Amino acid sequence: MFMSLSQGNFSAMNPSAPALYDAVLLDRDGTLVEDVPYNGDPEKVRPLPGAREALDRLRAAGLRLAVVTNQSGLARGYFTECEMHAVHARIEELLGPFDHWAVCPHDDTDGCACRKPAPGLVHEAARALGTAPRRCVLVGDIGRDMAAALAAGATGILVPTPVTRPEEVAEAPAVARDLPGAVAEILRRDRAVRPVAPRTGRAGTVLVARSDSAGDVLVTGPGIRAVAAGADRVALLCGPRGRAAAELLPGIDEIIEWPLPWIDGSPEPVDPDDMRRLTARLAAVGADEAVVFTSFHQSALPLALLLRMAGVPRISAISDDYPGALLDVRHRVPVGVPEPERALSLAAAAGFTLPAGDEPMLRLRADLPAPAGDRPAGDYLVVHPGASVPARACPPERYAEIVAALAADGHRVLVTGGPGERELTARVAAAGGTDLGGTTDLAGLARILAGARCLVVGNTGPAHLAAALGVPVVSLFAPTVPFGQWGPYRVPTVRLGDAGAACRDTRAARCPVAGHPCLSGVDPARVVAAVRRLAPG
């Protein structure tokens, strides 16, 4: 059995070009240097401990560096532009060169598009460095930094200081102890998606598995594409709730739909005859190997046992539990890694990687058949009030208030939902939206989302569908699971909701706290502001 750790200490075997990132963007005060309010004096520049060594590690890895900094002292007249440049020259003298400096000279009252938490500085830096925000990481010390990163579609890592508020730490997609720790995590995540020993030939037939809901299947898409790039044929085992999503993914030649009682949230009793039939069906695939994708709280070992009984000679999976003879490649991943990267790292441990030109992001098939009916014409937003589990759904009355606020702000709002959500969508749409509940399947919803300026949704499958289409997401995110792991991946996002609520990290399917406080307190005015930030008119 081969043990693979996603810490990935295999840099000598990996190509030098970054797989996940092209650039690292860094806040200035409190992240690179000590925060001296409105500093225009180079003599007051004091680098934070370990900053030079950490930045040199990034440079050695081939990553480009930029500083993205709010400097309202310019607007307020506390220092001149020449004095600011002198400070920056001193920082480069102490910390080494940066490829770009992106500076917002405005005050909060100016209403500019560049002052963090607006994403303008991230967009500017990405353009200057010849890349896209989704291929950038922003490291900063306060919530404004993280909000700017998310709104641009970049990765955010928070390095808290004494001025960082607890709620900012709770909301951050990822947290590191200090700048060296953030750099170590950036490089670890980049290494983890690279094969330790890349294959020399194609793999033949590979059976991949992700038996879960539609959103879970969608976030596994990059890992499945990596396997497909190195295989002659790919068969996917999924459950009934994930079938519609599986049909939207590229790289799959055959879909096997079968509910697994150790995965389903409301399982039927284990039926020995059903397990025998499943084993026979798996054997009929004639797989040369299998890659079992799971979420962080699921076990791959029951399915691995059936695959062994079906005669599959090589099996790869993530497993913290000792697998004995059930796995040939046992991979382990730290908690909190985004689910798409978790899947990519398992594919890499099995020897598969995305081909050149295929971005590590969610994607749908290019050859999807057009659903019946035309996509809505004109300019519109989509509000999707349903969720796969009740704990992740904003209360209907609050969604109705959100629709009313968006309509009052001049937006055309379409309210979507599945066939079982028609009563919900009718109630929400009555506040000023157009009710499309129950009128489309998942492919039809994708067609609607593809024309939307923005989606307002909870932590559920359509959020990941929007991410696969590149549509910005206002995420009303219940903190029952980590946002950094399950939030919309590499797409412009604003997160709303109480990230520090008592339900945090409980994985509860039904809200354990009376009144559903994490989402019932979402202010509709903040949703309107989030839409303006992500999709300005």
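The lining of the largest cavity breaks down into 7 nonpolar, 4 polar and 1 charged residues. For that tally, Ala, Val, Leu, Ile, Met, Phe, Trp, Tyr, Cys and Pro count as nonpolar, Asp, Glu, Lys and Arg as charged, and the others, Gly among them, as polar. Before going further, note that this is a predicted model, where local features need pLDDT of at least 70 and side-chain atom pairs count only at pLDDT 80 or more, while totals for chains, interfaces and linings use all residues. Residues are numbered from 1 along each chain as its sequence is written, and side-chain values use heavy atoms, with hydrogens and water left out.

**Inside the cavity**

Back to that cavity: who lines it? The residues are A209, R210, S211, L260, W262, I263, V292, F293, T294, Q298, S299 and L303. The space in this largest cavity is about 70 Å³, and the model has 5 cavities of 30 Å³ or more. A cavity here is a set of points, on a 1 Å grid over the protein atoms alone, where a 1.4 Å probe fits but cannot get out; lining residues have an atom within 4 Å of a point. Points are joined across faces, edges and corners, and the volume is the space filled by probe spheres set on them. Rolling a probe the size of a water molecule over the atoms shows where empty space is left.

**Rings and a charge above them**

Now for the aromatic side chains, which give 3 aromatic pairs. F98 and W101 have ring centres 5.4 Å apart and planes at 70 degrees, so they meet edge-to-face. The rule behind this takes rings of Phe, Tyr and Trp (its six-membered ring) with centres within 6.5 Å, and calls planes under 30 degrees apart stacked, over 60 edge-to-face and the rest tilted. F98 is buried at 8% relative accessibility, and W101 is buried too, at 18%. (Buried means under 20% relative accessible area, exposed over 50%, and partly exposed in between, with a 1.4 Å probe and protein chains only.) Another pair is F477 and F483, with centres 5.0 Å apart and planes at 90 degrees, so this one is edge-to-face as well. Both F477 and F483 are buried.

F98 also has a charged neighbour: R59 lies over the face of its ring, 5.6 Å from the ring centre. Likewise, R199 sits over the face of F352, at 4.0 Å from the ring centre. To count, NZ of Lys or CZ of Arg must be within 6 Å of the ring centre and within 35 degrees of the ring normal.

**Salt bridges**

Side chains of opposite charge can pair when their charged atoms come close. The model has 41 salt bridges, each being a side-chain nitrogen of Lys or Arg within 4 Å of a carboxyl oxygen of Asp or Glu. Here are some of them:

| Salt bridge | Closest N and O atoms |
|---|---|
| R59 and D56 | 2.8 Å |
| R243 and E247 | 3.1 Å |
| D358 and R363 | 3.3 Å |

R59, already met over F98, shares helix α1 (residues 51–60) with D56, and they are 3 residues apart, about one turn of the helix. Helices (H or I, at least four residues) and strands (E, at least two) are DSSP runs, numbered from the N terminus. R59 is partly exposed at 23% relative accessibility, and D56 is partly exposed at 32%. R243 is partly exposed at 27%, as is E247 at 37%. In the last row, is D358 buried or exposed? D358 is buried at 15%, whereas R363 is partly exposed at 35%. Salt bridges that share partners also tie D22, R134, R135 and E359 into one network.

**Backbone oddities**

Most residues other than glycine have a negative phi, and most peptide bonds are trans. The K116 to P117 peptide bond is cis, with omega near 25 degrees, and P117 is in the loop between β4 (100–104) and α4. R490 is not a glycine, yet has a positive phi of about 55 degrees. R490 is in the loop between α18 (483–486) and β18 (493–496) and is buried at 8%. D505, also not a glycine, has a positive phi of about 60 degrees. D505 is in the loop between β18 and α19 (517–520) and is partly exposed at 45%.

**Across the chain**

V528 lies in helix α20 (residues 524–534) and is buried at 8%. The C-alpha atoms of V528 and L406 are separated by 5.9 Å, with their positions 122 residues apart along the chain.

Note on methods. 1 Å grid on protein atoms, 1.4 Å probe; cavity = no way out; pocket = protein on both sides within 12 Å on 5 of 7 lines; lining within 4 Å.
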